[in-house]
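Let's take a friendly walk through this model, with the cut-offs a computational chemist would want to see. Have your viewer ready.

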Amino acid sequence: MINFSGRSWLPQERWGQYHPKKDWCWYDPDCVKIDNWGYAHLETHYNPKEFDGVESKYGVGLISSVEDFDYGYFEIEAKLPTGRKLWPAFWMWSGPWPPEIDIFEGYTNNNNGYLKFNRFNPRGWWNLPSNIWTHNNGERAVNLSARTGFSGFKDPTKHFIKYGCLWTEDLIQIEHDGRIVRKITDPEVLKHFHGKKMNVIINNHFQEFPPEGEDNYSDFTIKYFKYEKI
């Protein structure tokens, strides 16, 4: 059990130490550290371990809240990790899954950062999309995936930035660095969250199998987690 920001957390998912469809890494308790200032450090490193006959080579840091949360405001202040093919995230889900609210999922590029370019926005944006998962006629579906964090704002690997979500019966509002980047008021989406309680997860991860021959150490640093009940 981990104590962080006055709350209890598991150093793994509630259902286990690795995802069977992402078996290149596992939730390693040694990758979760709380420093003298009370900051959480979710790391990645080479640390092979076998699960069900499959060797998972890299440990990653993940914390999952012991407590389930009702409607309210959720926030962390964090500095994102650097490295190739990383996938840090701050998200919430309710069992049986879905629904899920991804306040952000970060995707680094081959230059160890999150900056992404295309012809529509040559200045680039930080690749920190949010996602909302619901049911669709009994099938799982992702709704309204969104890119966020346009260039001209702070580099999330060099500055501590606040990432927040206001979740009520009538609204899901996601904020990055004090800016509203997502607002959902559609009753057809929100109805999937009514009467639910959410488990909060903060994690470092890899998008795919990390490049061979590299140390692949990274550090996702979180100052605090805050929850205010509505």
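What follows covers a pocket, a strand and some salt bridges.

This is a predicted model, in which local features need pLDDT of at least 70 and side-chain atom pairs count only at pLDDT 80 or more, while totals for chains, interfaces and linings use all residues. Residues are numbered from 1 along each chain as its sequence is written, and side-chain values use heavy atoms, with hydrogens and water left out.

**The pocket**

The largest pocket has a volume of about 610 Å³. Its lining has 21 residues, and those closest to the pocket centre are His19, Lys22, Trp87, Trp91 and Glu100. Two or more lining residues come from each of β9 (89–93), β10 (100–105), β13 (130–136) and β14 (139–146). Sorted by class, the lining holds 10 nonpolar, four polar and seven charged residues. Here a pocket is an open set of points on a 1 Å grid over the protein atoms alone, where a 1.4 Å probe fits, with protein on both sides within 12 Å along at least five of seven lines; lining residues have an atom within 4 Å of a point. The volume is the space filled by probe spheres set on the points, which are joined across faces, edges and corners. For the classes, Ala, Val, Leu, Ile, Met, Phe, Trp, Tyr, Cys and Pro count as nonpolar, Asp, Glu, Lys and Arg as charged, and the others, Gly among them, as polar.

**A buried strand**

Strands are DSSP runs of E with at least two residues, numbered from the N terminus. Now turn to strand β18 (residues 198–203): six of its six residues are buried, so the strand is largely enclosed by the rest of the structure. Buried means under 20% relative accessible area, exposed over 50%, and partly exposed in between (1.4 Å probe, protein chains only). Met198, Val200 and Ile202 point one way from β18, while Asn199, Ile201 and Asn203 point the other way.

Which strands pair with β18? Strand β7 (residues 62–69) does so in the antiparallel sense over five bridges, and β9 also pairs with β18 in the antiparallel sense over five bridges. Pairing requires that DSSP finds at least two bridges between two strands. Asn203 is the bridge partner of Leu62, and Ala89 also stands opposite Asn203.

**Salt bridges**

The structure holds eight salt bridges, each a side-chain nitrogen of Lys or Arg within 4 Å of a carboxyl oxygen of Asp or Glu. The table lists some of them.

| Pair | Closest N to O |
|---|---|
| Arg7 and Glu67 | 2.7 Å |
| Lys33 and Glu43 | 2.8 Å |
| Lys226 and Glu75 | 3.5 Å |

Arg7 and Glu67 form a salt bridge that links distant parts of the chain, with Arg7 in strand β2 (residues 7–10) and Glu67 in strand β7, 60 residues apart. Arg7 is partly exposed at 22% relative accessible area, and Glu67 is partly exposed at 36%.

Lys33 and Glu43 form a salt bridge too; Lys33 lies in strand β4 (residues 32–34) and Glu43 in strand β5 (residues 40–51), so the pair ties together parts 10 residues apart in sequence. Lys33 is partly exposed at 39%, whereas Glu43 is buried at 10%.

Finally, Lys226 and Glu75 meet in a salt bridge; Lys226 is in strand β19 (residues 218–229) and Glu75 in strand β8 (residues 72–79), so the pair ties together parts 151 residues apart in sequence. Salt bridges that share partners join Glu75, Lys226 and Glu228 into one network. Lys226 is partly exposed at 30%, while Glu75 is buried at 6%.

Note on methods
Helices (H or I, at least four residues) and strands (E, at least two) are DSSP runs, numbered from the N terminus.
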